[in-house]
There are 2 protein chains.
Amino acid sequence: MKYITIKDIAKQLNTSVSTVSRAFNDKADINPETKALVLKTAKALGYRPNPIAKKLMQQRSFTIGIIVPEFINAFFPEVIIGVQEILFENGYQVLIAQSSECFETELKNIKTLEDSMVDGLIVSLSSESNNTDYYQNLIASGFPIVLFNRVNNQLNCSKVVFNDYKWAFFATEHLINQGCKNIVHLKGRDGVSLTNERLRGFLDAHQKYQLSYNKNQIVATGFTLADGQKAAQNIIDSGNIPDAIFGANDPVTIGAMQVFKKNGFSIPNDIAFVGFTDSQMATIIEPPLTSVSQPAREIGEEAAKILIEQIETKKGFQPKSITLNGQLNIRASSLKITSLK
Amino acid sequence: MKYITIKDIAKQLNTSVSTVSRAFNDKADINPETKALVLKTAKALGYRPNPIAKKLMQQRSFTIGIIVPEFINAFFPEVIIGVQEILFENGYQVLIAQSSECFETELKNIKTLEDSMVDGLIVSLSSESNNTDYYQNLIASGFPIVLFNRVNNQLNCSKVVFNDYKWAFFATEHLINQGCKNIVHLKGRDGVSLTNERLRGFLDAHQKYQLSYNKNQIVATGFTLADGQKAAQNIIDSGNIPDAIFGANDPVTIGAMQVFKKNGFSIPNDIAFVGFTDSQMATIIEPPLTSVSQPAREIGEEAAKILIEQIETKKGFQPKSITLNGQLNIRASSLKITSLK
DNA sequence: ATAATTTTCGGTAACGTTCTCGAAAGATTT
DNA sequence: AAATCTTTCGAGAACGTTACCGAAAATTAT
């Protein structure tokens, strides 16, 4: 399988490779007529530019890497779709790696992607990423990085995040408005900023309504169904049953719901539930789960746009931070007030 | 940011680039001592081979493309994980594209991937892929392609599929054993082989138990929750209520379940359900859905292995077909017999 | 000791682009 | 008419690697 090269086109037209190259790259110093001629015969010959040669010459891979903790739940795949959409349009390729919530794997992924000479990275930190040294060095060296969703505020790079504080506040406020007075927050792992932000929203909502709370209402868990189940069992065993649970994400919340249901609690009457990062599962569980939905695709798009901007800005790029908003999808799991009918 | 090249190493050691290159490529014609020396100083200098130059020289991109219909549901992401695992180990990169069940997008993806000079493709056909001309040409030209999951048997290339026939048979048999006599099959779109295979299993199970059936028991749908909901509504409207439903996949089956539940039917007593391609959703819906689980990761791994083999076999590669098996996860949605307790 | 082989290596040409430089031709100014 | 500027183009280097060929050195065979 022999490929057509610009050399072949040049030979065919009795011109030089320089001219042919110029025709494809919108250079000013070429006669419009010759340019048209070149493009025409290139098409006739079935020419396809060799991206690898271009990459070698321009010392850029036109490839970026994206690292996510997992992509089994729908959120990260949707972000990736957003990222790819923007980057494809701009002639970039995307390499996807998953850290499986493991910091070592994350680091290995970064090195692999560096070996592939990616022009930049889009990363959502694993829940274990406490050591930021490697990132610090990368960023200090000017390497383009955009963090999203799970960021670390000590890192001086661009960030695209969801307004976790605000929507955790709204979610909690919603439960308070339903008459809940003893709400437990199943918070995610420490070390990622969203955990703190959502907790802060949860606490501030209490403050606003002058609702007291104690430390038993804040339970550290992980991000999986099993984590939620375990946490719920602990709560039930403790005998101190809350009237609502606000989970760090949907899997955790749904896991908790399952355990409470199995133990004979009625939802939402005995105990109400609100999740985070709306999912298809939320609409399927019985009763359907109230949850904060995030604009996953948009998060990906914004991250991609910023990354391209940084890559294509030679010097003096200033990190940008974008905060996006979502909505609270209220469903039966949190609706105690059925008066309006 | 200046990269170290083999030239720098050669200069440092007063040797030639050829020798340095030999050291990295396990060539026979190099003295083990000089090889060790080269590797040592390379490490000391922080040398990283430039993969792009290698690609240009070897006229191979060490990149493969994978095209999936979607990756919101967990199945395809898991396949992709399997694919990546094998390919990374072997020094390949993976570009991921999704067709969104649209044939035109699929074709566009292929062309984009061809422009990226991928060394091969792993594809699960979109449900609209009826025209196989483009694939025929690619395969005829010797381009390495492995189809999986949704294949087309007219194409003479390697295939990795699930034993849809066998497990559809088992799933149906399970329902028959539960005493169901009027089972409706919500089949997927025509044109992809798995639809025919699953239907065949469904029918043969009837045959084995000499259970008659009519054409109303075979309902054409799509692969989404909404498709299942619509199909269920149609069935209810028709007034002819079956005692079981066997769906083409979990979303369709769950969609149907929701509608039947809403209309007051008791599951599994009034009507039993069995899905396909086990999902997290299946364990969350009430009652939990019996479903056939597929070894998604293994499917990806096998597809990747075959693709590498084809890429690295110069001539005379013969297409391979692999059929994998799974298991029937029996849950409450299909358990009418509660005698054993 | 000479010839034949093996081992080890250096020089250089590729791979397909883009980039830099300078030159020829044409157009414009003085 | 000479001088200057603009437009257009070609030659060749460069990007970093591997492939190929031949030569020197070391080893073995005659």
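## A helix in chain B, and two DNA strands

Let's start with a ruler check: helix 13 of chain B (residues 296–312) has 17 residues, and at 1.5 Å a residue it should span 24 Å, so the 25 Å between its end C-alpha atoms agrees with expectation. The expected span is 1.5 Å times one less than the number of residues. Keep in mind that this is a predicted model. After the helix, we will visit DNA strand C and then DNA strand D.

**Helix 13 of chain B**

- This helix is mostly covered, with 12 of its 17 residues buried.
- Among the buried residues are B:Ala296, B:Ile299, B:Gly300, B:Leu307 and B:Ile311.
- The buried set also includes B:Glu301, B:Glu302 and B:Gln310.
- What do the buried residues of helix 13 pack against? Their partners in chain B are helix 5 (75–89) along with strand 1 (63–68), strand 3 (120–123), strand 4 (145–148), strand 5 (158–162) and strand 11 (321–324).

**Around DNA strand C**

- There are 25 residues around this strand, and the nearest are A:Ser21, B:Thr15, B:Ser16, B:Ser18 and B:Thr19.
- Sugar or phosphate makes up 60% of the strand C atoms within 4 Å of the protein, while bases make up the rest.
- Phosphate oxygens of strand C have polar partners in both chains: a side-chain N or O atom of A:Lys27 is 3.2 Å from one, and a polar side-chain atom of B:Thr15 is 2.7 Å from one.
- The backbone takes part as well, with an N or O atom of B:Asn31 lying 2.8 Å from a phosphate oxygen of strand C.
- Which elements give two or more residues to this surface? They are helix 2 (17–24) and helix 4 (51–58) of chain A, together with helix 2 (17–24) and helix 4 (51–58) of chain B.
- By residue type, the surface near strand C has 13 polar, 8 nonpolar and 4 charged residues.

**Around DNA strand D**

- Of the 24 residues around strand D, those that come nearest are A:Thr15, A:Thr19, B:Ile6, B:Ser21 and B:Tyr47.
- Of the strand D atoms that come within 4 Å of the protein, 62% belong to sugar and phosphate.
- The side chain of B:Tyr47 has an N or O atom 2.6 Å from a phosphate oxygen of strand D, and a polar side-chain atom of A:Ser16 lies 2.8 Å from one.
- From the backbone, a polar atom of B:Asn50 is 3.1 Å from a phosphate oxygen of strand D.
- Helix 2 and helix 4 of chain A, and helix 2 and helix 4 of chain B, each supply at least two residues here.
- The surface near strand D divides into 13 polar, 8 nonpolar and 3 charged residues.

Conventions
Residues numbered from 1 in each chain as written. Chains lettered and ligands numbered in written order. Predicted model: local features only at pLDDT ≥ 70, side-chain atom pairs only at ≥ 80, totals over all residues. Heavy atoms only, no water. Near = heavy atom within 4 Å. Polar contact = N/O pair within 3.5 Å; in protein donor to acceptor, adjacent residues only side chain to side chain. Helix = DSSP H or I, 4+ residues; strand = E, 2+ residues; numbered from the N terminus. Nonpolar A, V, L, I, M, F, W, Y, C, P; charged D, E, K, R; others polar. Buried < 20%, exposed > 50% of the residue type's maximum accessible area, 1.4 Å probe, protein only. Contact = heavy atoms within 4.5 Å.
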